[in-house]
Amino acid sequence: MRLVGLTGGIASGKSTVSSLFKSAGVPVVDADIVARNVVQKGTGGWKKVVKAFGNDILLENGEIDRARLGQIVFSDPVKRKLLNSLLAPNISFGIFWEILKLWANGCTVIVVDIPLLFETKMDRWTNPVVVVWVDPKTQMERLMSRDGCSEEQAQNRINAQLALDWKKSEADIVINNSGSLDDTKQQFQEVLKQVSGPLAWKERLMSRDGLLSIVVCTTAGVLLAQKNLL
């Protein structure tokens, strides 16, 4: 099984590339979706966040106001670190569970879409790592346009993550999303060929079918050995 790490920076266009993988039939585990699920009303994650940040972050229906919570943590590194530490175990388990379900279904290539891939050290479990990069000016403009925030607010959100240029330097594959959507799609087709190539022998062993083959061969060997001893 091949786990492809997909990451980038805020407003870099990672979600666009993630959607392209889905459209191409490649299964994607989206950490943002997992994160939303673990803080739904009444869950363990929801209880931990409300206890730490108070009822002021709740909407009238009791759900967490993600925009309000985002404003708090993006402007305060200490509270951001607190939130990450509270939810990291829940999110990590959720991601693992989604991967396990896809593995059980026989998927051999899985994209793991994680904004904080490097920050959470989860890049160690993925290969290759794909980084969606965008130049700083374009990133700022897109973020302000998308979220309707001020330049200062946008900069705070960008600064809350590791520098995108650093992530670019650590990537196995880089998609430059500074241009048009057609440019990105063209680059994506090349990336798709790379990540969909034949599995290495270690990757084959990690797949469901590879593990089943090992079990079958081992069982057959044990039975044969027992027969010879009789």
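This briefing covers the overall build, cores, pockets and backbone details of one protein model. The model is predicted. The protein has 11 helices and 5 strands, and 40% of its 230 residues are buried. The largest pocket has a volume of about 1,600 Å³, and the largest nonpolar core holds 37 residues.

**Overall build**

- The C-alpha trace spans about 80 × 45 × 25 Å along its principal axes.
- The protein exposes about 13,300 Å², and 57% of that area is supplied by carbon and sulfur atoms.
- Among contacts with a separation of 6 or more, 70% are between residues 24 or more positions apart.

**Nonpolar cores**

- In soluble globular proteins, nonpolar side chains tend to be buried together.
- Within the 37 residues of the largest nonpolar core, Val-49, Phe-53, Leu-69, Ile-95, Ile-99 and Ile-110 touch the most other members.
- Two or more residues of this core come from each of α2, α3 (44-53), α4, α5, β3 and β4.
- The largest share, 7 residues, is given to this core by α5.
- Apart from this core lies another one of 18 residues, among them Leu-6, Val-26, Val-191 and Val-195.
- Once neighbours within four places in sequence are left aside, Phe-53 is in contact with Leu-69, Ile-72, Val-73, Lys-79, Leu-82, Leu-83 and Leu-86.

**Largest pocket**

- The lining of the largest pocket consists of 50 residues. Those nearest the pocket centre are Asp-32, Arg-66, Phe-74, Pro-115 and Gln-161.
- At least two lining residues are supplied by each of α1 (14-23), α2 (31-38), α4 (66-74), α5 (77-104) and α6 (136-147).
- Helix α5 provides the largest share of the lining of the largest pocket, 9 residues.
- By class, the lining of the largest pocket has 23 nonpolar, 15 polar and 12 charged residues.

**Second largest pocket**

- The second largest pocket holds about 280 Å³ of space.
- Residues lining the second largest pocket include Met-1 and Leu-3, along with Ser-92, Ile-95, Phe-96, Ile-99, Leu-100 and Trp-103. Val-112, Met-122, Trp-125 and Thr-126 also line the second largest pocket.
- The largest share of this lining, 6 residues, again comes from α5.
- The lining of the second largest pocket comprises 10 nonpolar and 2 polar residues, with no charged residues.
- Ile-95 and Ile-99 appear in this lining and are also among the residues that touch the most other members of the largest nonpolar core.

**Backbone details**

- Asn-127 and Pro-128 are joined by a cis peptide bond, with omega of about 5°. Pro-128 sits in the loop between β3 (109-113) and β4 (129-133).
- Lys-121 is also found in the loop between β3 and β4. Lys-121 is not a glycine, yet has a positive phi of about 65°.
- Lys-121 counts as partly exposed because its relative accessibility is 49%, and the partly exposed class runs up to 50%.
- Ala-11, in the loop between β1 (2-8) and α1, likewise has a positive phi of about 65° without being a glycine.
- Ala-11 has 11% relative accessibility and therefore counts as buried, the cut-off being under 20%.

Methods: Residues are numbered from 1 along each chain as its sequence is written. Side-chain values use heavy atoms; hydrogens and water are left out. On a 1 Å grid over the protein atoms alone, a cavity is a set of points where a 1.4 Å probe fits but cannot get out, and a pocket is an open set with protein on both sides within 12 Å along at least five of seven lines; lining residues have an atom within 4 Å of a point. Grid points are joined across faces, edges and corners, and a volume is the space filled by probe spheres set on the points. Helices (H or I, at least four residues) and strands (E, at least two) are DSSP runs, numbered from the N terminus. Ala, Val, Leu, Ile, Met, Phe, Trp, Tyr, Cys and Pro count as nonpolar, Asp, Glu, Lys and Arg as charged, and the others, Gly among them, as polar. Buried means under 20% relative accessible area, exposed over 50%, partly exposed in between (1.4 Å probe, protein chains only). A nonpolar core is a set of buried Ala, Val, Leu, Ile, Met, Phe, Trp, Tyr and Cys residues joined through side-chain atoms within 4.5 Å. Contact means heavy atoms within 4.5 Å. Accessible areas come from the Shrake-Rupley method with a 1.4 Å probe; for residues, only the protein chains shown count as cover.
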